[in-house]
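Here is a brief report on one chain. Look over its sequence and coordinates before reading on.

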Amino acid sequence: MSPDLSVQLAPRNKRGLIPANPVMTASGTFGYGTEYSQVFDIQRLGAIVCKGTTLEPREGNPQPRLFETASGLLNSIGWQNIGVKALIKEKAPVWAGWRVPVIVNIAGDTVDDYARLAKELDGVDGISGIEVNISCPNVKVGGAAFGVNPDAAAGVTKAVRAATSLPVIVKLTPNTADIAGVASAVAQAGADAISLINTLKGTAIDINKRRPAIGDVICGLSGPAIKPVALAMVYEVADAVDVPVIGCGGITSAEDALEFIMAGASAVQIGSATFGNPRASLDVLEGIERFMEKEGISKLSEIIGAAR
Ligand SMILES: Cc1cc2nc3c(=O)[nH]c(=O)nc-3n(C[C@H](O)[C@H](O)[C@H](O)COP(=O)(O)O)c2cc1C
């Protein structure tokens, strides 16, 4: 019998969120999912998280916006997106025909922006959950400003919770001194699950031009370079909260994903790895399946937190 990889990511929510497996795509690295449907069977994934969505369309930050570093990637895309109205009109009807659940990542400048976005998305066919991005390092207002402080993070979570009955995942920033405190605060404020981490603050300098190598200077570092940091934070947060934790940061292989799962994550998100290998998320899923079969593990829940 093939192993059961399904996982309940919103046990406190009436609607629930039960992906068929724990492998999701990370926001901003998989477009709206449609872009990759020609590359592989995306319906096999556990869930797809779309690009950060704001109330109005946005163009994002100045160029250059990507820069490769040792085992990592700096990005300052910002919140380039089509806006929530176009998303509901053009993307959601496509998602409604999919087996794979789609989660919409939302971002705003004010608490009210987040609440309005959650309200607009509530009850829209094709949308299975909301991921609240309070963790983006490369925008001037909103974003990570809410994620560094437990009270501010709880305030956004409460407002979103009140505005929707959809499962709410809150995505945390590593750029805070107290990630466990922020995690506890958002769990208490009504988050159904917590995802982490978003990118670490970083930059690079072009020594010939004597200028920053990236348009927006302070931007976000992702990729294998951040994996040990992300793993430690997932381990810490899984201890601090009793809601499901979704691990993200530098995952490129099934072995990486299994480390996160054994550290306490119920699911994982694959981000930058997709840029090098568009099938990375599917490869991770197939590797997890092989590992479970080889080890005789019949249910994913047997290994969640196994290293604790
Ligand atoms: C180009 C790019 C765009 C991103 N855009 C978003 C976004 O819109 N919203 C969000 O919450 N995270 C965004 N992220 C962060 C990723 O979802 C993920 O948290 C981070 O990259 C760490 O995972 P990784 O090391 O596997 O890439 C973005 C990351 C990259 C590289």
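Is helix 5 (residues 179-188) largely enclosed by the rest of the structure or largely open, and why? Helix 5 is largely enclosed, because eight of its 10 residues are buried. Bear in mind that this is a predicted model.

The buried positions of helix 5 can be named. They are Ile179, Ala180, Gly181, Val182, Ala183, Ala185, Val186 and Ala187. Gly190 follows helix 5 and has a positive phi, near 115°.

**Overall build**

The chain holds nine helices and 14 strands. For 308 residues, a compact globule would have a radius of gyration near 19 Å. The chain has 18 Å, which agrees. Along the principal axes, the C-alpha atoms fill a box of roughly 60 × 45 × 40 Å.

Burial extends beyond helix 5: of the 308 residues in the chain, 59% are buried. Contacts also reach across the sequence. Take those between residues at least 6 apart in sequence: 71% of them join residues at least 24 apart.

**Surface and charge**

The accessible surface of the chain comes to about 12,600 Å². Carbon and sulfur atoms account for 52% of that surface. The chain carries 27 positive and 31 negative charges. The mean positions of the two sets lie 5 Å apart.

**Strand pairing**

Eight strands make up an open sheet with parallel pairing. Their order is 1-14-13-8-7-6-5-2. Strand 1 (23-25) and strand 2 (48-49) stand at the edges. Each has a single partner strand, so one side of each is left without a neighbour in the sheet.

Within this order, strand 7 sits beside strand 6. Strand 12 has antiparallel pairings with strand 4 and with strand 9. The table sets out these three pairings.

| Strand pair | Sense | Bridges | Residues standing opposite |
|---|---|---|---|
| Strand 6 (residues 129-133) and strand 7 (residues 168-171) | parallel | four | Asn133 and Lys171 |
| Strand 4 (residues 72-75) and strand 12 (residues 219-222) | antiparallel | three | Leu74 and Leu221 |
| Strand 9 (residues 200-202) and strand 12 | antiparallel | three | Gly202 and Cys219 |

Which residue of strand 12 stands opposite Gly202? It is Cys219 of strand 12. Leu221, also in strand 12, stands opposite Leu74.

Notes:
Residues are numbered from 1 along each chain as its sequence is written. This is a predicted model: local features need pLDDT of at least 70, side-chain atom pairs count only at pLDDT 80 or more; totals for chains, interfaces and linings use all residues. Side-chain values use heavy atoms; hydrogens and water are left out. Helices (H or I, at least four residues) and strands (E, at least two) are DSSP runs, numbered from the N terminus. The radius of gyration is taken over C-alpha atoms; the globule rule is 2.2 Å times the number of residues to the power 0.38. Buried means under 20% relative accessible area, exposed over 50%, partly exposed in between (1.4 Å probe, protein chains only). Contact means heavy atoms within 4.5 Å. Accessible areas come from the Shrake-Rupley method with a 1.4 Å probe; for residues, only the protein chains shown count as cover. Lys and Arg count as positive and Asp and Glu as negative; His and the chain ends are not counted. The place of a charge is taken as NZ of Lys, CZ of Arg, CG of Asp or CD of Glu. Two strands pair if DSSP finds at least two bridges between them.
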